[in-house]
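Subject: Structure for your review

Dear colleague,

I am handing over the structure below, together with notes on what was found in it. Please read the notes with the structure open beside them.

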Amino acid sequence: MTKAVFCIAKSTEQAELIVSNLKTAGFLNNDISVLFPDKESTRDFAYEKHTKAPEGAAIGGAVGIGTGAVLGWLAGIGSLAIPGVGPFVAAGPIMGALSGAAVGAAAGSLSGALIGLGIPEYEAKRYEGKIIGGSALISVHTTNSETIDQVKEIFEQANAEDISSTEEASVG
């Protein structure tokens with residue numbers, strides 16, 4: 001069974017710190033997801049001048065992000081629009097899920113898409129409000145339940161909010 005650990009980062013700096021700490025702890029780039037609104041204030045997420053990860057360079061121009069060492073390291077970065085909600089930047093397994101069936105089933109709501117990923121409804125609605133308000137949702141996907149405590153500790157050390165874990169639907 002796949003499990004996911006979620007948190008809310010209140011700023012891009014906090015999100016970068018969390019992703020960097022997860023990378024340092026040995027988590028794989030394709031197990032970490034980040035979702036945040038595509039606003040002018042978040043377009044500098046993980047920007048490093050003259051550094052473009054090859055896998056992120058092409059999409060970086062499309063979403064207005066300089067793909068630096070932190071964000072460029074994540075798998076599948078791109079922008080997507082959720083009807084009725086707006087444009088977002090997503091990376092990792094959540095990108096495929098939100099751009100696929102989850103959004104269609106969600107009838108244009110971000111919380112519906114998050115519920116489709118296995119997040120309980122009350123948490124999904126709380127996350128939706130915070131993400132739309134400018135915060136970032138970070139999740140780590142694992143089949144190893146021993147890593148859940150490690151992820152939660154990384155989130156707590158960075159003062160992340162709304163930390164939770166859940167069994168999830170496939171985000172392949």
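Just after α6, G134 takes up a positive phi of about 115°, and this, like everything that follows, is read from a predicted model. The helix that comes before it, α6, runs over residues 121–132, and its twelve residues reach 16 Å from the first C-alpha to the last, close to the 16 Å expected at 1.5 Å a residue. Within α6, the residues E123, A124, Y127, E128 and I131 are buried. These five cover an arc of only 140° around the axis, which puts them on the same side of α6.

A positive phi is also found just after α1, where G26 has a value of about 100°. Helix α1 itself spans residues 12–24, with 13 residues that reach 18 Å between the first and last C-alpha, close to the 18 Å expected at 1.5 Å a residue. Its buried residues are Q14, A15, I18, V19 and L22; because they cover an arc of only 130° around the axis, they lie on the same side of α1. On the other side of this helix, E13 and T24 are exposed.

What do the buried residues of α1 pack against? Their partners are three strands, β1 (3–9), β2 (32–37) and β5 (136–142), and the helix α7 (146–157). As for the two helices, the axes of α1 and α7 come within 9 Å and cross at roughly 145°, and the crossing is right-handed. The contact between them is made by I18, N21 and L22 on the α1 side and by V151, I154 and F155 on the α7 side.

Two of these contact residues, I18 and L22 of α1, return in the largest nonpolar core, which has 25 residues and in which I18, L22, I32, I138 and F155 have the most contacts. At least two residues of this core come from each of β1, α1, β2, β4 (86–91), β5 and α7. If its neighbours within four places in sequence are left aside, I18 is in contact with C7, A9, I138, I154, F155, A158 and A160. A second core, separate from this one, has 19 residues, including M95, A113, L117 and A124; A124 is also one of the buried residues of α6. As background, nonpolar side chains in soluble globular proteins tend to be buried together.

With best regards

Technical notes:
Residues numbered from 1 in each chain as written. Predicted model: local features only at pLDDT ≥ 70, side-chain atom pairs only at ≥ 80, totals over all residues. Heavy atoms only, no water. Helix = DSSP H or I, 4+ residues; strand = E, 2+ residues; numbered from the N terminus. Expected span 1.5 Å × (residues − 1). Buried < 20%, exposed > 50% of the residue type's maximum accessible area, 1.4 Å probe, protein only. Arc of directions from axis to C-beta. Contact = heavy atoms within 4.5 Å. Core = buried A, V, L, I, M, F, W, Y, C linked by side-chain atoms within 4.5 Å. Axes fitted to C-alpha atoms, helices over the stretch in contact; angles between N-to-C directions. Left-handed = near helix turned anticlockwise from the far one by under 90°.
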